[in-house]
Amino acid sequence: MNRSAISQRISSILDDIQRLNSALYAMNTTDIQRYPDNYETLSTDAALRAEQIACRLRHLLYASTSVKKGEYLTSAAVMQGIDIQQRGGIFEITLPSLLPKRTQRRSTEYLLDPFTAALEQYVRTHKVKRFRHCVVCFAHTYCRDLPERRVRDYDNLEVKQYLDAAAAWLLTDDGGLLCDVHHTTELGDADCTRMFIMEKPRFPAWLEGRGAAVEDASPG
């Protein structure tokens, strides 16, 4: 990529950063109690724009340097706080945000690519037996300090791409005969999404224990 093309891309990204700054200033001066819908629109625009900026910077990095995409995305997964653990035959994967809405396709790449890289790295460095008959539970955790009206319907969330990514590395098949999908909503200290993957016989006991743990952690 020549210097002129690089400069054009950088200038375009700088324009997006200026728009992001404007959205943040507007958020900071908007009365969230009197104009909650305006604040939500501004904050959504700012968040999506920030994710788009990050993705555009990634693409520029791949095109203009010798840094490999896989290497960078593995580092991005660490920076984002994507965590994969296996305890007692159950996989627990923590994603540092709520899953995007299905209509917000721009934001999928930001989280999905590092997630896929983290899965690949984990499988390469750990002994993993793929699940055949399993349950995948998505625990959508919303920050308890923010309005509960933020809680969304499950069918409004972009789940399939994240399930497909997990299936590519941890399952033999994510078809309905082999894989059940369960959703639960929780309140916590910060927004995040957790995926739990387990064999089907483990699910009832896990669900009962999970419910008790969430209840114990609830305020009041």
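## Exercises: pocket, helix and core

The largest pocket has a volume of about 980 Å³. This is a predicted model, where local features need pLDDT of at least 70, side-chain atom pairs count only at pLDDT 80 or more, and totals for chains, interfaces and linings use all residues. Residues are numbered from 1 along each chain as its sequence is written, and side-chain values use heavy atoms, with hydrogens and water left out.

**Exercise 1.** Work out what lines the largest pocket.

*Solution.*
- Start with the terms: on a 1 Å grid over the protein atoms alone, a pocket is an open set of points where a 1.4 Å probe fits, with protein on both sides within 12 Å along at least five of seven lines, and lining residues have an atom within 4 Å of a point. The volume is the space filled by probe spheres set on the points, which are joined across faces, edges and corners.
- Now the centre: 29 residues line the pocket, and Thr44, Ala47, Leu98, Arg150 and Asp191 are the closest to its centre.
- Next, the elements (DSSP runs numbered from the N terminus: helices H or I of at least four residues, strands E of at least two). Two or more lining residues come from each of α2 (36–64) and α4 (108–125), and α2 gives the largest share, 8 residues.
- Last, sort the lining by type: 16 nonpolar, 6 polar and 7 charged. Here Ala, Val, Leu, Ile, Met, Phe, Trp, Tyr, Cys and Pro are nonpolar, Asp, Glu, Lys and Arg are charged, and the others, Gly among them, are polar.

**Exercise 2.** Follow α4 into the largest nonpolar core.

*Solution.*
- Pick out the buried residues of α4 (under 20% relative accessible area, 1.4 Å probe, protein chains only): they include Leu111, Phe115 and Tyr122.
- See what covers them: α2, α3 (69–80) and β5 (192–199) are among the elements.
- Turn to the core, a set of buried Ala, Val, Leu, Ile, Met, Phe, Trp, Tyr and Cys residues joined through side-chain atoms within 4.5 Å. The largest one has 29 residues, and Phe115 is among those with the most contacts inside it, as are Ile93 and Ile197. At least two core residues come from each of β2, α4, β3 (134–143), α5 and β5.
- Zoom in on Phe115: leaving out residues up to four places away in sequence, its contacts (heavy atoms within 4.5 Å) include Ile93, Tyr162 and Met195.

**Exercise 3.** Decide why Thr94 counts as buried.

*Solution.*
- Locate Thr94: strand β2.
- Check its accessibility: Thr94 counts as buried because its relative accessibility is 16%.
- List its contacts beyond four places in sequence: Gly81, Ile82, Asp83, Thr193 and Arg194.

Technical notes: Buried means under 20% relative accessible area, exposed over 50%, partly exposed in between (1.4 Å probe, protein chains only).
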